[in-house]
Amino acid sequence: MQPTPNDAAGDIRGPVDASVVPRFAGIATFARLPRLDEVGRADVAIAGVPFDSGVSYRPGARFGPAHVREASRLLRPYNPAQDVFPFGAQQVADAGDIVANPFDIAEAVRQVEAGARALAEHADRLVVIGGDHTIALPLLRAVHAKRGPVAVLHFDAHLDTWDTYFGAPTTHGTPFRRASEEGLIDLTASMHVGIRGPLYAKSDLEDDERLGFSIITSEYLEEHGLAAAIDRMRARIGDAPLYISIDIDVLDPAHAPGTGTPEAGGLTSRELLRMLRALADRDIVGADIVEVAPAYDHAQLTAVAASHVAYELLSAMAPRAERDSTTAP
């Protein structure tokens, strides 16, 4: 009999066995993984942040974590594209949700940072499901406290380096300006991918460059192809510790309709997953997936895409040295 991923991994506890408990039954932890309190410590913890008070258009991303967890029931233990058992090569667990005040953005940001720091005592890395993109700022503060400035690879239709909205300095459109100003990011290794659509002014791009970001637009990807975009992305990141922030609206609305600020002309889900797989040899220190708004979703299209994005991130984080021992022959 072939070994299962967890046979090879020793004490690592993986998802519920779908041949014993049907995928549609039981509590919807991410990918039906154990809770963090059940395993004590994890290599990677999945956490939700049900917060969307920083949005500028459609609300509803506060319901994103539960929606993505529900869609993740169908994920399986072996990832053939990366030739890895992401739940067998490392302990992954669901840490539940970080509570954030829905009526006070400043307080919510403090709570998210504190929650992420507390989870870092029990997990080496976090993959966080939002929630709106405001949460990237406190998450980067928590990562910076542990690792110092990091390269930020930001997949999004929008720059999110604007200054204020209605005088508010902390919203889902401002996290990376604040992060740059606070010295949280590596100004020589950070990049946006998938940027497209109208801007307020040409100066938006000039400000963005000054704040430390290079850009791969959707138009560049269309004109030069996926391989060229991946080469640019990898060259920009180099060997820097890497934080990946993914706004699901980087995908075209045909692939992710359930989001707050959709823009036409985006990436396909296949393109995004391929770009994430190209990062498996990098030092990924954390990630977030944000802006899934279930009220605008259809047939779980957006949630399925987001759950697979998380799966590829977890696969890319899996220890490469252990892959031979965790892959069934």
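Me: Which residues of helix α3 are buried?
Reply: This is a predicted model, in which local features need pLDDT of at least 70, side-chain atom pairs count only at pLDDT 80 or more, and totals for chains, interfaces and linings use all residues. Residues are numbered from 1 along each chain as its sequence is written, and side-chain values use heavy atoms, with hydrogens and water left out. Helix α3 (helices being DSSP runs of H or I of at least four residues, strands E runs of at least two, numbered from the N terminus) covers residues 64-71, and six of its eight residues are buried (under 20% relative accessible area; exposed is over 50%, partly exposed in between; 1.4 Å probe, protein chains only). They are G64, P65, H67, V68, R69 and A71.

Me: What covers the buried residues of α3?
Reply: The cover is judged by contact, meaning heavy atoms within 4.5 Å. Strands and a helix take part, including β1 (42-49), β2 (92-97), β3 (123-130) and α11 (301-317).

Me: Is Q90 buried or exposed?
Reply: Q90 is in the loop that runs between α3 and β2. Beyond four places in sequence, Q90 is in contact with I12, D43, V44, R125, L314, M317, A318 and P319. Its relative accessibility is 1%, so Q90 counts as buried.

Me: Which backbone oxygens lie 3.1 Å and 2.8 Å from a polar atom of the Q90 side chain?
Reply: A polar contact is a pair of N or O atoms within 3.5 Å, one able to donate a hydrogen and the other to accept it within protein; residues adjacent in sequence count only if both atoms are side-chain atoms. At 3.1 Å the oxygen belongs to P86. At 2.8 Å the oxygen belongs to L314.

Me: How are the rings of W162 and Y200 arranged?
Reply: The whole structure has four aromatic pairs (Phe, Tyr or Trp rings, the six-membered one for Trp, with centres within 6.5 Å; planes under 30 degrees apart are stacked, over 60 edge-to-face, the rest tilted). For W162 and Y200 the centres are 5.7 Å apart and the planes stand at 85°, so the pair is edge-to-face.

Me: How many residues apart in sequence are the parts that this pair ties together?
Reply: W162 is buried at 12% relative accessible area, whereas Y200 is exposed at 63%. W162 belongs to the loop between β4 (151-155) and α6 (175-181), and Y200 to the loop between β5 (190-195) and α7 (203-210), so the separation of the parts joined is 38 residues.

Me: Which element gives the largest share of the largest nonpolar core?
Reply: Such a core is a set of buried Ala, Val, Leu, Ile, Met, Phe, Trp, Tyr and Cys residues joined through side-chain atoms within 4.5 Å. The largest has 53 residues, and F30, L153, F155, M233 and I244 touch the most other members. Nine residues, the largest share, come from α11.

Me: Which elements do the buried residues of α10 pack against?
Reply: In α10 (residues 269-277), L272, L273, M275 and L276 are buried. They pack against β4, β5, α8 (218-224), α9 (226-237), β7 (242-247) and α11.

Me: Where does F166, with its positive phi, lie?
Reply: Phi of F166 is near 50°, positive although the residue is not glycine. F166 is exposed, at 90% relative accessible area. Its place is the loop between β4 and α6.

Me: Which residues does the cis peptide bond join?
Reply: One partner, G131, is in the loop between β3 and α5 (136-147). Omega is about 15°, and the cis bond joins G130 and G131.
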